[in-house]
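Have a look at the structure below and keep it open while you read. We'll go through it one piece at a time.

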Amino acid sequence: MSKFLITGGCGFIGSNYLHYVVNKYPKDDFVCIDSLTYAGNYNNIKDLEEKENFHFVYGDITNRELIEQLFDKEKFDYVINFAAESHVDNSIKNPFVFADTNIKGTLTLMDMAKKYGIKRFHQVSTDEVYGDLPLDRPDLKFHEDTPLHTSSPYSSSKASADLFVMAYHRTFGLPVTISRCSNNYGAYQFPEKLIPVVISKALKNEPIPVYGKGENVRDWIHVNDHNIGVDLIVRNGKDGEIYNLGGHSERTNLEVVKTILRQMNKPESLITYVTDRPGHDLRYAIDSSKVEKELNWHLTHNFEDGIKETVDWYLHNQEWINNILSGEYQKDNDQVRK
Ligand SMILES: NC(=O)c1ccc[n+]([C@@H]2O[C@H](COP(=O)([O-])OP(=O)(O)OC[C@H]3O[C@@H](n4cnc5c(N)ncnc54)[C@H](O)[C@@H]3O)[C@@H](O)[C@H]2O)c1
């Protein structure tokens with residue numbers, strides 16, 4: 001039996017991860033800590049309350065005293081750090097909270113991992129740390145040794161955290177791994193990100209904002225494939241190694257929007273082009289051959305089927321989106337904040 005600390009488990013990827021591992025490993029124990037920022041939604045994991053191998057702690061990963069008490073009490077074997085400020089647009093408006101959570105929060109967790117001893121600290125990072133690639137060079141992809149070259153305060157904070165993670169490995173011998181994944185899609189994604197925004201606006205026949213000409217390319221991966229990769233890396237990856245995870249599904253933003261509209265039988269006339277995001281990265285493309293070869297990780301979803309399943313999920317869970325859009329979810333969060 002192993003004990004896991006999962007941070008940020010009320011967000012999009014962390015909540016999908018918890019559903020996967022709490023059910024898959026009934027003999028392991030999972031503790032989720034989340035500070036329930038606007039992006040955290042306790043309803044995402046509420047159904048796990050009844051599981052004996054799961055419990056939730058309301059708290060902030062930058063709160064050193066609380067994190068120390070938690071490590072002292074629980075004696076974790078593994079820490080998986082999903083908690084982050086994750087929205088690039090917010091990082092342009094207020095970079096400071098990105099430095100606090102993404103850098104200081106990661107450092108606080110690693111300091112306690114160093115003090116109390118753990119088998120593995122895993123940092124959930126992003127392909128955005130590599131910067132972007134030109135649109136006219138489809139042969140180029142990000143490899144694990146591609147230099148860090150960030151564009152936004154978000155990606156800069158994630159890259160800084162990655163550098164601290166590698167420094168804690170080299171300087172203090174902390175057993176660490178890092179995964180750098182491309183853009184995720186799937187259930188429970190906060191309706192500020194492209195795919196849930198398109199679905200929720202299309203449902204109400206509202207204009208769908210697309211940055212610039214919609215030409216920016218992202219490499220889309222189903223959230224479950226990301227999480228299968230994280231689980232493999234945590235359990236079987238090598239200390240001090242970085243692993244890229246990508247979806248082999250490069251699509252322009254416009255292609256993604258049109259695919260969703262087609263599936264929902266909505267007209268393309270809903271698309272409204274808006275002023276481009278400052279510093280907007282052009283293209284991301286990931287080479288995942290290392291994790292495929294070394295850990296036998298393979299995609300289980302292709303984009304077409306995965307996006308269809310995702311649109312269906314949002315259509316069947318409209319109450320979930322409406323709860324967020326109306327702010328009602330914060331009342332549910334208040335119940336666990338007490
Ligand atoms: N979404 C993507 O496409 C993507 C791609 C690659 C990597 N990532 C990385 O994966 C991780 C999860 O991303 P996501 O999309 O699920 O993000 P999210 O914004 O949906 O969720 C983040 C969660 O972290 C919590 N949190 C924020 N600050 C906290 C703090 N100080 N203390 C405790 N909890 C805190 C929030 O309440 C929320 O539940 C992030 O580290 C992100 O950088 C995301």
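Which residue in β13 is the bridge partner of Ile-208? The partner is Ile-271. Before going further, a word on the ground rules: residues are numbered from 1 along each chain as its sequence is written. This is a predicted model, so local features need pLDDT of at least 70 and side-chain atom pairs count only at pLDDT 80 or more, while totals for chains, interfaces and linings use all residues.

Back to that pair of strands. β8 covers residues 208–211 and β13 covers residues 271–274; strands (E, at least two residues) and helices (H or I, at least four) are DSSP runs, numbered from the N terminus. The two strands run parallel, with four bridges joining them, and strands pair if DSSP finds at least two bridges between them. Side chains alternate along β8: Ile-208 and Val-210 are buried on one face, while Pro-209 and Tyr-211 point to the other and are not buried. Buried here means 20 or more other C-beta atoms within 10 Å of a residue's own, exposed means 12 or fewer, and partly exposed is in between, with C-beta atoms placed from the backbone.

Next, meet helix α1, residues 12–24. Its 13 residues reach 19 Å from first C-alpha to last, close to the expected 18 Å (1.5 Å times one less than the number of residues). Its buried residues, among them Phe-12, Leu-18 and Val-22, pack against β1, β2, β3, β7 and α7. Contact means C-beta atoms, placed from the backbone, within 7 Å.

α1 turns up again in the largest nonpolar core, which has 82 residues; such a core is a set of buried Ala, Val, Leu, Ile, Met, Phe, Trp, Tyr and Cys residues joined through C-beta atoms within 7 Å. The largest share of this core, six residues, comes from α1. Ile-6 is one of the residues with the most contacts inside the core, and leaving aside neighbours within four places in sequence, Ile-6 touches residues including Gly-14, Tyr-17 and Leu-18.

What about the ligand? α1 supplies the largest share of the shell around the ligand, three residues. In total 31 residues surround the ligand, the closest being Gly-8, Gly-11, Ala-39, Gly-40 and Ala-84.

Finally, two loop residues. Tyr-188, between β7 and α6, has a positive phi near 70° and counts as buried because it has 22 C-beta neighbours inside 10 Å. His-248, between β11 and β12, has a positive phi near 50°, but with 16 such neighbours His-248 counts as partly exposed.

Conventions:
A residue is near a molecule or strand if its C-beta atom, placed from the backbone, lies within 6 Å of it. Two residues are in contact if their C-beta atoms, placed from the backbone, lie within 7 Å.
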